[in-house]
Amino acid sequence: MEFDSKLHLIVFLIKEQETNQILGICEDTTLRLWNFNGEILVVLKEHNGPISGAKFSQDGKLFLSFGQDNIVNIYDKSGNKISKLKGHATTIWDVNFSSDNQFIVTASGDNTSKLWAINGKEIMTYSGFKATVIKAQFSPNDKFILSASFDHTARIMPVSVEIVLDKIN
């Protein structure tokens, strides 16, 4: 099986388990979606710089890309953009979906992690780190965000239901 990006180096590939689709990050700042037969389904050029990563949601219905342009783009499985998360001051290094795919958590070089609604609304900023936040993820029950930083600390921060409901309404 071959996944051809038409002369552009593929720097990262991710396979979605249910649909057998493949996401590829290419050095020309495009994100490409292939089916498992190697056919290109979608080519997206939504970033203004290198793409740091891409992920599928747990149910495979959504995927996202994030990069050194400080932006996260969220798409449906056909490649239609659902939302754009913009609010970090520097490169985004990690992004994860909540278990219900309604929320996103990001980790950034601006020493923060952020909680977002899937519609792109910023809900909360977790600050206090002294260096780049390199990882951020939800706990299995989505009640906490776990973040790790290059300042040699990791934090477990509660997700306040009251604040979330207030911000999304």
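These exercises work through a sheet, two cores and two loop residues of a predicted model.

**Exercise 1.** State the order of the strands in the open sheet, and find which strands stand at its edges.

Solution. Step one: the open sheet has four strands, ordered 9-10-11-12, and their pairing is antiparallel. Step two: strand 9 (92-97) and strand 12 each have a single partner strand, so one side of each lacks a neighbour in the sheet and these two are the edges. Step three: ignoring direction, neighbouring strands here are turned by 20° against each other on average.

**Exercise 2.** Find the bridge partner of Leu115 in strand 12, then place Leu115 in a core.

Solution. Step one: strand 11 and strand 12 pair over four bridges in the antiparallel sense. Step two: Leu115 has Met124 of strand 12 as its bridge partner. Step three: the largest nonpolar core has 15 residues, and Leu115, Ile123, Tyr126, Phe138 and Ile145 touch the most other members. Step four: strands 10 (103-108), 11 (113-117), 12 (122-126) and 13 (133-138) each give two or more residues to this core. Step five: a separate second core holds twelve residues, including Leu62, Leu64, Leu85 and Trp116.

**Exercise 3.** Decide whether Asn111 and Asp142 are buried or partly exposed.

Solution. Step one: Asn111 lies in the loop between strand 10 and strand 11, and Asp142 in the loop between strand 13 and strand 14 (144-149). Step two: buried means under 20% relative accessible area. Step three: Asn111 has 22% relative accessibility and therefore counts as partly exposed. Asp142, at 17%, counts as buried.

**Exercise 4.** What is the sign of phi in Asn111 and in Asp142?

Solution. Step one: most residues other than glycine have a negative phi. Step two: phi of Asn111 is positive, about 70°. Step three: phi of Asp142 is also positive, near 65°.

Technical notes
Residues are numbered from 1 along each chain as its sequence is written. This is a predicted model: local features need pLDDT of at least 70, side-chain atom pairs count only at pLDDT 80 or more; totals for chains, interfaces and linings use all residues. Side-chain values use heavy atoms; hydrogens and water are left out. A nonpolar core is a set of buried Ala, Val, Leu, Ile, Met, Phe, Trp, Tyr and Cys residues joined through side-chain atoms within 4.5 Å. Buried means under 20% relative accessible area, exposed over 50%, partly exposed in between (1.4 Å probe, protein chains only). Two strands pair if DSSP finds at least two bridges between them. Axes are lines fitted to C-alpha atoms, for helices over the stretch in contact, and angles run from 0 to 180 degrees between N-to-C directions.
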